[in-house]
2 protein chains.
Amino acid sequence: MTNNPADSTSESLPDSPGATGQPADRRSTLHDVAARVGVSPRTVSRVVNNEEGFSEATRERVLEAIEELEYRPNLVARGLVTQQTRTLGLVVTDLSDPFFAELANGAQRAAITNRYNVFLCATDNEADQQANVLDSLRSHGIDGTIVFPATDTDDGLRRVAADVPIVCVDHEVDHPRITTVSSDLVAGARMAVEHLVDRGHTKLGMVASKFSPSDRRRREVGFLAAHRKLFPGTPEPMIVRTEPTLEGGRSATAELLDRDPSITGIFAYNDITAIGAILAATDRGLTVPGDLAVVGFDDVPLAAVFGPPLTTIRIDRERLGQVAIEMVLAMMGGSRTGRPSPQILPVELVVRAST
Amino acid sequence: MTNNPADSTSESLPDSPGATGQPADRRSTLHDVAARVGVSPRTVSRVVNNEEGFSEATRERVLEAIEELEYRPNLVARGLVTQQTRTLGLVVTDLSDPFFAELANGAQRAAITNRYNVFLCATDNEADQQANVLDSLRSHGIDGTIVFPATDTDDGLRRVAADVPIVCVDHEVDHPRITTVSSDLVAGARMAVEHLVDRGHTKLGMVASKFSPSDRRRREVGFLAAHRKLFPGTPEPMIVRTEPTLEGGRSATAELLDRDPSITGIFAYNDITAIGAILAATDRGLTVPGDLAVVGFDDVPLAAVFGPPLTTIRIDRERLGQVAIEMVLAMMGGSRTGRPSPQILPVELVVRAST
DNA sequence: CTGAAAGCGCTTACAG
DNA sequence: CTGAAAGCGCTTACAG
C-alpha cells in the first residue's frame, strides 16, 4: 500500500497506537479516521453525524478509531458547508460591570442547554472596536449574536445583521433581522421616584449615563414622567449625565448637590453610580439616608452588602441573558418564524437601607 | 457570458450597485469581487493580503469592488489553509469575579495591539464545561489560548496543548506547549501575615478556596511559612477552605471564630471572601478592625470603597492579562523560540482601614 | 450499506 | 503582471 512511516516501527497489530500512546502532533481529521478503519471519509462523516446507512460493525470500528486518534470534528470546516457552527456571540461594552458578567452567565447557561457555545467580546463602548469584534465573530461563522450596543452604532449593526441575526439588549434598531430584549427601565425609574416620594423626599436629582444617546434614555424618561405626575406644574428635576462608573456617580452627585443643595433624593443610573453618589454624600459630611437618600439600578451582588445596603431596582440578569438566547435561536429558525417581537422584562423595587 | 440575474434589472453601468444600494443578502466572497472586476480570485487575494504582483490600476478597481460589495475576508476559510486565524481564547472559571473581568480587559487590550482578537469563555469551574469550550475554541482554529484552569484538569489541558499553545494563569502544567504566568501569591501571603503581626495580632486564621487542589495552594503555603517564621514552635494557624464567594467567606470566618474565638486576624483568599469575613464579624457584633482585622487579596475596585475600605494584596490584573498575551504570542512563534519560562509578577500590600 | 465527485471560501506553490 | 489547479476539513446531492 502507501508507505506509512509508522508501519516500520509499530507491531503488526493494527489497533495499537504508536509507542508513545500519543496521536500524531497534527490534529487528526475525518480522513485519518477513515484511513485507519479502511473506509471512505463519507462513512465516518455518517457515523459522526448519526445519519443512516452503515452496518453496526462499521460503526463500532469507526468509533474505536475516533477514540484512539482523539478525533474531534472541525466545526468550522463543517460550518463552511452547513453554514452553521452552533456558536453564538455576545458582545458587551464593559466586562468589569457586574451587570454584564451576570448577563453573560445567564446567556451561556441557556446556550449550553441548547447545545450552543458562546464567545464573549468587549467593546469598551467604542464603535471601532465593536465593528472589529462583530466582524471577527461573523468571520468565525457564528449563527447569531446578542449585543449591548456601543453608542451610535445602528448602521454598523444593520450591516452585520445582513449576515447574522442580532438581539439587542435595551436598544431597538429598525431592521428585519434585529430584535430587542430589554428591562422595563421606564417602570423601574417610576418605582424609584415613587419610593423616594413615599419616603418624604420632594427635591430629587438624577445621575444619568452620558453613553446613552437620546433614544436610549429610558430611565430619564421614566424619571421625568413620574416626577411630572407627582408634582404637576413644578420645575423639572435636575439630571446630570456622566460616565456610568463609581467616580462618575461621585462627581455627578457632587455637581447636583452644588447646583441645588436642597436635593435630598438621588436616583442613580446603576448601582455602581449609586455607590458613587453615597461616597459623594459622605465626602461632604452628609449621612445616608438621613441627609440624602439614594436609589440604584440593577441590584448587583455587592449592592446588598455595601454600607449602607442599597435600595435599588432589581433586573433579573440571568433571565435577561436566557431570553436573549431564546430570541436569537428563534430568529435563526429561518425567516418562516419571522422576527420575534421585542420583549420587555419586568423589574422590581428592592428596599434596603440607603433610603 | 454566464447568466447573471442581476444583469437583467440593473443599468449597464457596471459600477452601480442594485437599486436598494444593498449587496446581495448572501455575504460576498473573494469570488464575487473577482467576478465584478473581471479578474481571477487569485488577484483579489493578492491585493487583500498586500502581496506583490498587480498593476496599480487593478489594485484600485479591486479596492473599489471590495468597498461596493462590502467584502470582508472569511478569516476561518483563510485559517483552514494558513492554519492561523489571529484569534486567541481566554477561558476563566467565573465571569462575575471582577478579578477575571479586569484580567480579560488587559488581555483584550494587549491582543488588539497585536492585531489579534480574543474570545472569552467561562467554565464555572467545571471540567466538562472547560473541555467543551476549549474544544469549541480549538475547533474555531484559534492560534493560542490563556486559561485559568478549572480544578484538576491537567490532562484535558495537555490534550488540547497538542493543537494549540496554552498559557495558564496561576497554575503550572508539565507540558512543552503549556507555560505559566502567575502572581507572587506566596510573597503576598507573607506580606499579609507580616502586616497583621505588625498590627499586634498573634492569633491568625485563614479563609482559603476549596477549588484549589494541593498543588495550587500558594497562598496557604505562604501563610503557613510566614507564620512558622514569625512564631517558631507554636501550633499552626487554622485554615478553612470554602467556595471563593462572599457567602463562602462569611461562613468560613464564622467557623474559624467558632473554633477559636481568640483569633483577631484573618487572611482571606480574595477581596470577595474578605468582605464576607467582615460581614461575619459584624454578624456577631465584632468591630473591624477593632476586634477583628481582615486582609484581602486582589484589590478589586470595590475594595477601596467598601465600609471599611479593605486592606489587601494588590495584583495588577491588566498587566497579568498583557503578559499572558505576550507569552502566548511568543509560544506561537513556533518551536524555534522554545517554551517561554514561567513568569511570576510581583504583588503589593495596600493598607486601608480593615486592619 | 457504501463511495466518488463537487464545493463551502480561501491560499499555496506553480506556470506563463 | 496574472491565472488554473490543488487542497485546508468537512458535507451535500448523487450513484451504485
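User: Which residues are closest to DNA strand D, and how many surround the strand?
Analyst: In this predicted model, 26 residues surround DNA strand D, and the closest are A:Leu30, A:Asn74, A:Arg78, B:Thr43 and B:Arg46. A residue is near a strand if one of its heavy atoms lies within 4 Å of it.

User: What share of the strand's atoms within 4 Å of the protein is sugar and phosphate?
Analyst: Sugar and phosphate make up 66% of the atoms of DNA strand D that come within 4 Å of the protein.

User: Which element gives the most to that surface?
Analyst: That is α5(A), with five residues. At least two residues each come from α3 (41-48) and α5 (75-82) of chain A and from α3 (41-48) and α5 (75-82) of chain B. Helices (H or I, at least four residues) and strands (E, at least two) are DSSP runs, numbered from the N terminus.

User: How many residues there are nonpolar, polar or charged?
Analyst: The surface near DNA strand D has ten nonpolar, eleven polar and five charged residues. In this count Ala, Val, Leu, Ile, Met, Phe, Trp, Tyr, Cys and Pro are nonpolar, Asp, Glu, Lys and Arg are charged, and the others, Gly among them, are polar.

User: What lies 2.8 Å from a phosphate oxygen of the strand?
Analyst: A polar side-chain atom of A:Tyr71 does. For A:Asn49, a polar side-chain atom lies 2.9 Å from a phosphate oxygen of DNA strand D. A backbone N or O atom of A:Ala77 lies 3.1 Å from a base nitrogen of the strand.

User: Changing topic, how can chain A be laid on chain B?
Analyst: A turn of 180 degrees and a shift of 0.0 Å along the axis lay chain A on chain B with an RMSD of 0.0 Å. The two copies are thus related as by a two-fold rotation axis. The superposition is by least squares on the C-alpha atoms of residues with pLDDT of at least 70 in both copies.

User: Where is A:Pro346, and is it buried or exposed?
Analyst: A:Pro346 sits in the loop between β11 (343-345) and β12 (348-350) of chain A. Its relative accessibility is 67%, so A:Pro346 counts as exposed (buried is under 20% relative accessible area, exposed over 50%, partly exposed in between; 1.4 Å probe, protein chains only).

User: What are the ground rules for numbering and confidence?
Analyst: Residues are numbered from 1 along each chain as its sequence is written, and chains are lettered from A and ligands numbered from 1 in the order in which they are written. Local features need pLDDT of at least 70, side-chain atom pairs count only at pLDDT 80 or more, and totals for chains, interfaces and linings use all residues, while side-chain values use heavy atoms, with hydrogens and water left out.

Key. Polar contact = N/O pair within 3.5 Å; in protein donor to acceptor, adjacent residues only side chain to side chain.
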